[in-house]
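Here is a short briefing on one protein chain. Look at the overall form first, then at the strands.

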Amino acid sequence: MAPDVMTIVFLAIMAFIISYMVVTALKSRQEPVKLKRTITVIKCSSCDHEQSRDFKEGDFVGKEEGQCPKCGGKLIVSAIYVEEIPEKV
Ligand SMILES: [Zn+2]
């Protein structure tokens, strides 16, 4: 007796659903949602004062960021980097 068509269709659908679930599970394990934030580092051009804050649109390395609170010198953006915040377990 030939296998029932409905059985084959059912098995095919089951196989599809299972493989879809496995792929989804693997993906979520491989790519955990990581929180990221962009940090802008600002350094004084006259003294060793350094500070960092969240990146704002329009920030770029070399940009003047106002006055140094220590010596009144020019504050200049010295670095911009992305920091990954580890997941809280
Ligand atoms: Zn300074």
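The points below go from the whole chain to single residues.

This is a predicted model. The protein has one helix and four strands. Its radius of gyration is 27 Å, whereas a compact globule of 89 residues would have one near 12 Å.

**Overall form**

- Starting at the N terminus, the elements follow the order α-β-β-β-β.
- The C-alpha trace spans about 90 × 25 × 10 Å along the principal axes of the protein.
- Of the 89 residues, 7% are buried.
- Take the contacts with a separation of 6 or more: 47% of them join residues 24 or more positions apart.

**Domains**

- The domain assignment gives two entries: domain 1 covers 1–31 and domain 2 covers 35–85.
- How far apart are the centres of domain 1 and domain 2? Taken over C-alpha atoms, they are separated by 52 Å.

**The sheet**

- The four strands form an open sheet. Its order is E2-E1-E4-E3, and the pairing is antiparallel.
- E2 and strand E3 (64–67) are the edge strands, and each of them pairs on one side only.
- On average, neighbouring strands of this sheet are turned by 40° against each other, with direction ignored.
- Strand E1 takes in residues 35–44, and strand E4 takes in residues 74–85. E1 and E4 pair in the antiparallel sense over 10 bridges.
- Which residue in E4 does Arg37 stand opposite? The partner is Glu83.

**Gln51 in an edge strand**

- Gln51 is in strand E2, which runs over residues 50–54. E2 is one of the edge strands of the sheet.
- Why does Gln51 count as partly exposed? Gln51 has 13 C-beta neighbours inside 10 Å. A residue is exposed at 12 or fewer and buried at 20 or more, so the count for Gln51 puts it in between.
- Thr40 and Gln51 are 11 residues apart along the chain. Their C-alpha atoms are separated by 8.5 Å.

**To recap**

- The radius of gyration is 27 Å, against near 12 Å for a compact globule of 89 residues.
- Domain 2 covers 35–85, and the open sheet has the order E2-E1-E4-E3.

Terms used. Residues numbered from 1 in each chain as written. Predicted model: local features only at pLDDT ≥ 70, side-chain atom pairs only at ≥ 80, totals over all residues. Helix = DSSP H or I, 4+ residues; strand = E, 2+ residues; numbered from the N terminus. Rg over C-alpha atoms; globule rule 2.2 N^0.38 Å. Contact = placed C-beta atoms within 7 Å. Domains from an automatic or database assignment. Pairing = 2+ DSSP bridges. Axes fitted to C-alpha atoms, helices over the stretch in contact; angles between N-to-C directions.
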